[in-house]
Amino acid sequence: MPGNTPAPQQLRCEAAHLGDESPCDGPRDAVTVLDRHGDAAKACVHHGIRLYASLVGPRVYPGSVPDAAIEVYYRAQTTSAFAWLDHHQLPDWDES
């Protein structure tokens with residue numbers, strides 16, 4: 001029935017965290033990021049960087065974009081863990 005169909009959701013890569021509202025950058029299978037247990041997630045470059053930077057002992061493998069795995073590896077070295085959280089937001093102190 002019309003009106004009962006849910007609105008189409010914007011598809012994001014497997015690596016995009018639910019709390020991270022940023023859109024994917026490029027193909028959603030540009031790289032594959034693995035955690036230390038071998039669990040894998042296909043990722044765009046943007047979310048691959050954020051995921052890699054947030055894991056302990058991660059690995060990144062090539063996907064559909066040439067040299068994207070190297071880009072993810074190097075850019076993750078200068079990205080904070082859980083970069084979608086605002087680490088620099090000051091607490092809202094009530095001074096009254």
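Which helix is largely enclosed by the rest of the structure, and how many of its residues are buried? That is what I'd like to talk about today, and please keep in mind that we are looking at a predicted model.

The answer is H1: 9 of its 10 residues are buried, so the rest of the structure largely encloses this helix. Let me set the scene before we go into it.

The chain has 96 residues, and 31% of them are buried. It contains 2 helices and 3 strands, and if you follow the sequence along, the pattern reads β-β-α-β-α. Now take the contacts between residues with a separation of 6 or more: 50% of them join residues that sit 24 or more positions apart.

Back to H1, then, which covers residues 45-54. Its buried residues are Val45, His47, Gly48, Ile49, Arg50, Leu51, Tyr52, Ala53 and Ser54. And what lies over them? The cover includes strands S1, S2 and S3, along with helix H2.

Let's stay with H2 for a moment. H2 spans residues 68-76, and its axis lies 8 Å from that of H1, at an angle of about 45°. The two helices are therefore oblique to each other, and their crossing is right-handed. If you'd like to pick out the contact on screen, look on the H1 side for Val45, Gly48, Ile49, Tyr52 and Ala53, which meet Ala68, Glu71, Val72, Tyr73, Arg75 and Ala76 of H2. By type, the residues of this contact divide into 8 nonpolar, 1 polar and 2 charged. As a reminder about helices in general, there are 3.6 residues a turn, so residues three or four places apart point the same way.

Now, one residue in that contact deserves a second look, and that is Val72. Setting aside residues up to four places away in sequence, Val72 touches Val31, Val45, Gly48, Ile49, Tyr52 and Val60. Val72 also turns up in the largest nonpolar core, which has 19 residues; Val31, Val60 and Val72 are the ones with the most contacts inside that core. Strands S1 and S2 and helices H1 and H2 each give two or more residues to this core, and the largest share, 5 residues, comes from H1.

So much for the H2 side. What does His47, also in H1, touch? Leaving out residues up to four places away in sequence, the contacts of His47 are Arg12, Cys13, Ala15, Ala16, Asp20, Ser22, Pro23 and Cys24. His47 is buried, with a relative accessible area of just 1%.

One of those partners, Cys13, is worth following. Cys13 lies in the segment before S1 and is itself buried, at 6% relative accessible area. Beyond its neighbours within four places in sequence, Cys13 is in contact with Cys24, Arg28, Lys42, Ala43, Cys44 and His47. If you want a distance to check for yourselves, Cys13 and Gly48 are 35 residues apart in sequence, and their C-alpha atoms are 9.0 Å apart in space.

Over to the strands, with Thr32 as my example. Thr32 lies in strand S1, and here the cut-off helps: buried means under 20% relative accessible area. At 19%, Thr32 counts as buried. Not counting residues up to four places away in sequence, Thr32 touches Ala40, Ala41, Lys42, Arg59, Val60 and Tyr61. Val60 is a name you have heard already, as one of the residues with the most contacts inside the core.

Last stop, and one for those of you who like backbone angles. Which residue in the loop between S3 and H2 has a positive phi of about 65° although it is not a glycine? That would be Asp67, and at 60% relative accessibility Asp67 counts as exposed. The other residue I picked is Phe82, in the segment after H2. Phe82 has a phi near 55°, again a positive value in a residue other than glycine. With 39% relative accessibility, Phe82 counts as partly exposed.

To wrap up, here is the picture I'd keep in mind. H1 has 9 of its 10 residues buried, H1 and H2 pack at about 45°, and H1 gives the core its largest share of residues. Thanks, everyone, and I'm happy to take questions.

Technical notes: Residues numbered from 1 in each chain as written. Predicted model: local features only at pLDDT ≥ 70, side-chain atom pairs only at ≥ 80, totals over all residues. Heavy atoms only, no water. Axes fitted to C-alpha atoms, helices over the stretch in contact; angles between N-to-C directions. Helix = DSSP H or I, 4+ residues; strand = E, 2+ residues; numbered from the N terminus. Parallel < 35°, antiparallel > 145°, perpendicular 65-115°, else oblique. Left-handed = near helix turned anticlockwise from the far one by under 90°. Contact = heavy atoms within 4.5 Å. Nonpolar A, V, L, I, M, F, W, Y, C, P; charged D, E, K, R; others polar. Core = buried A, V, L, I, M, F, W, Y, C linked by side-chain atoms within 4.5 Å. Buried < 20%, exposed > 50% of the residue type's maximum accessible area, 1.4 Å probe, protein only.
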